[in-house]
Amino acid sequence: MNLDPGIASAFLQAMDFEPLVELVRAELCQREQEGYDVSAFRPAVEQPGSAGQMIQTYLGLQCAPRKPEFRFDEPETLAGIQAARPSGPRQRESALAREVLLDRIQGAWLGRAAGCLLGKPVELWASREKIARYLKLAGAYPLSDYIPRLDPLPADFDFAPQSQGCFRGEIYAAPQDDDTDYSILGLHILESHGLDFSTAGVAAEWLGHLAYLNTWTAERAVYRNLVLGIPPLLAAHFFNPEREFIGARIRVDIYGLACPGNPQRAAELAYRDAALSHCKNGVYSAMFMAACTAWSFVTADVAEIIRVGLSEIPVNCRQAQAIRDALQLHQGIPDWETACDRLLAANVAYPAGHAINNTALMTLAMLYGGGDFEKTICLAVMGGLDTDCNAANAGTVLGVLTGAAALPSRWTSPLHDTLHSAVTPFGTLSLSALARRTSSLVPTPLLTVH
């Protein structure tokens, strides 16, 4: 992927110096994680000089050579990704009754909303230790319900500003959040364009329905790039050092719900959406998530769901390795806390919003949750990092496995079947209506036929 150096230079010259330095620092970190030799550029980043020097450093990083010892194979095209996959079932025929399908899809929407809401108060803390300390002070460790509010709040704690209405006893609906906004927008994309939507079509829907300040990290960078006229298929690759963050993974549950039993199709749809804003492991995590969601209609075996998710991403990518590490930890360590600490330590180089560490941590919560909805979303939050994202994705899968009718009422009743949205012009929506709309996307026969 190439962008004209003149256009790139013009964009960078328009930046204030401090944001420019931060961009270059983040880009150096990202390129290093991708396996490039950035040693020649490190002095300029550690002791930044002029804006011109920073611009040349950024442009130089785009041409950094690959380290010969980098052992991972991380293709970016869909064809390349599929060629690098391990074997997998791809699709499975099933005779799932329409009313059962609806119940399980409604379970997914409820599970996603509940998991997101559970993690919102502590999503900026990232630290497992800090979350545990707060919950112990509140008499709520280990978690088994929504997070209680301590009043007065201890001096070294500060809740996320968007946590209003997210505490036990204060919940009257599922509040607006980007984790659920993208699910609503994804449903709209499928209803408007069908399964043949394009990445460019996703870009158009973003610009038509999302506000710039309701986007974050890679999504905000790409939104800006689109407004500046960078084509959708290039927008993820420039001035976007968070391109392997978790953002694409939070957007794609809807594609798994629309393709029950067909992880390959779900992963393909996730790719088309994710490629707008993310690259490599940021895309792989999304494809993995969509495939897991699709396969959760087929089996209640969580480990099998995860293995099928792995079968839709490159076998030798960093994300796949981190997920396999989670599987191995679960097989060898009886208690979640020890396994969680080891997994976090092994991925400490990645920021709190990165796809690789978060997806592995979410996988660990699903494994140790053992198919139990409540235990799974609580472990996903107690693990730290991006708490609302991890619990929301896990909540979708466990919501499918459990079904709406069997979900514990303490998690669903406070939602009052209501989800608030910032997606224009949809506003406040009924979760049950969203489930019915999603269910109507699935053709008869309900699951794919060989």
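This tour visits four places in the helical architecture of a predicted model.

Residues are numbered from 1 along each chain as its sequence is written. Because the model is predicted, local features need pLDDT of at least 70 and side-chain atom pairs count only at pLDDT 80 or more, while totals for chains, interfaces and linings use all residues; side-chain values use heavy atoms, without hydrogens and water.

**Stop one: α1**

Select helix α1, residues 5–13 (helices are DSSP runs of H or I, at least four residues, numbered from the N terminus). Here Ala8, Ser9, Phe11 and Leu12 are buried (under 20% relative accessible area, with a 1.4 Å probe and protein chains only). Viewed down the axis of α1, these buried residues fall within an arc of 160° and so line one face of the helix; the arc is that of the directions from the helix axis to the C-beta atoms. An α-helix has 3.6 residues a turn, so residues three or four places apart point the same way. Add α2 (17–33), α4 (51–61) and α10 (217–227) to the selection: the buried residues of α1 pack against these helices, contact meaning heavy atoms within 4.5 Å.

**Stop two: α8 and α9**

Next, select α8 (residues 178–193) and α9 (residues 199–209), whose axes come within 11 Å and cross at roughly 125°. Axes are lines fitted to C-alpha atoms, for helices over the stretch in contact, and angles run from 0 to 180 degrees between N-to-C directions. α8 is therefore oblique to α9 (neither under 35 degrees, roughly parallel, nor over 145, roughly antiparallel, nor 65 to 115, roughly perpendicular). Show Tyr182, Leu185, His188, Ile189 and His193 of α8, which meet Val202, Glu205, Trp206 and His209 of α9.

**Stop three: α18**

Move to α18, residues 373–382, where 9 of the 10 residues are buried, so the helix is largely enclosed by the rest of the structure. Those buried include Phe373, Glu374, Ile377 and Met382. Among the helices they pack against are α7 (128–137), α16 (336–346), α17 (355–369) and α20 (409–412), as well as α6 and α19.

**Stop four: α6 and α19**

Finally, select α6 (residues 98–119) and α19 (residues 387–402). Their axes come within 6 Å and cross at roughly 155°, and the two helices are therefore roughly antiparallel to each other. Which residues of α6 meet α19? They are Arg104, Gly107, Ala108, Gly111, Arg112, Gly115, Cys116 and Gly119. On α19, their partners include Asp388, Ala391, Gly395 and Gly399.

How values were computed: Buried < 20%, exposed > 50% of the residue type's maximum accessible area, 1.4 Å probe, protein only.
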